[in-house]
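This report describes how the parts of one protein chain are arranged. Please keep the sequence and the structure in view while reading.

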Amino acid sequence: MHPKKTPVILEILHEGEHWVPCVYMTRVVKEAVKELGDAVIYKKVITKTLEGANQYKKIIKQHKSLVPIPSIIINGKLAFKRIPGKEELVDFLNIIIQKQ
């Protein structure tokens, strides 16, 4: 377990359960987050809801370009435009956790 630090915030840009890549990305994220405990907080940004669409607009504005769906945003920055492997995501998150 990691010492108590500010948790990493991970957001999945997710269109819905009908979109298979979103489902796969969510599975990978859930497995990785389970391994890291409370060091990571994850949230699905479901772009088909009003709240999710508004959050997606903020992300687009922040990045000054369209961001693909699905994608993984970590601490407000685009981290993955594709589905990473679980170990790749865990390794990436561990680097972020160590830096915080």
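The text below treats the sheet, the helices that pack on it, and a patch on the surface.

The model is predicted. Its sheet is open and has 4 strands, placed in the order β2-β1-β3-β4, with mixed pairing. In general, the strands of a sheet pair through backbone hydrogen bonds, either parallel or antiparallel.

Which strands stand at the edges of the sheet? These are β2 (40–46) and β4 (77–80); each has a single partner strand, so one side of each is left without a neighbour in the sheet. On average, and with direction ignored, neighbouring strands of this sheet are turned by 30° against each other.

The pairing of β1 (residues 8–14) with β2 is parallel and comprises 7 bridges. Within this pairing, V8 has V40 in β2 as its bridge partner.

Two helices, α1 and α2, pack on the sheet. The table lists the strands that each helix touches and the angle of its direction with that of one strand.

| Helix | Strands touched | Angle |
|---|---|---|
| α1 (residues 20–36) | β1, β2 and β3 (71–74) | about 165° with β1 |
| α2 (residues 50–63) | β1, β2, β3 and β4 | about 105° with β2 |

On the surface, V20, Y24 and I83 make a nonpolar patch of about 260 Å². Of these residues, Y24 has its place in helix α1. Is Y24 buried or partly exposed? The relative accessible area of Y24 is 45%, so this residue is partly exposed, a term that covers values between 20% and 50%.

Key:
Residues are numbered from 1 along each chain as its sequence is written. This is a predicted model: local features need pLDDT of at least 70, side-chain atom pairs count only at pLDDT 80 or more; totals for chains, interfaces and linings use all residues. Side-chain values use heavy atoms; hydrogens and water are left out. Two strands pair if DSSP finds at least two bridges between them. Axes are lines fitted to C-alpha atoms, for helices over the stretch in contact, and angles run from 0 to 180 degrees between N-to-C directions. Contact means heavy atoms within 4.5 Å. Patches are made of residues with over 30% relative accessible area and no salt bridge: like charges are joined within 9 Å, nonpolar side chains (Val, Leu, Ile, Met, Phe, Trp, Tyr) within 5 Å. Accessible areas come from the Shrake-Rupley method with a 1.4 Å probe; for residues, only the protein chains shown count as cover. A salt bridge is a side-chain nitrogen of Lys or Arg within 4 Å of a carboxyl oxygen of Asp or Glu. Buried means under 20% relative accessible area, exposed over 50%, partly exposed in between (1.4 Å probe, protein chains only).
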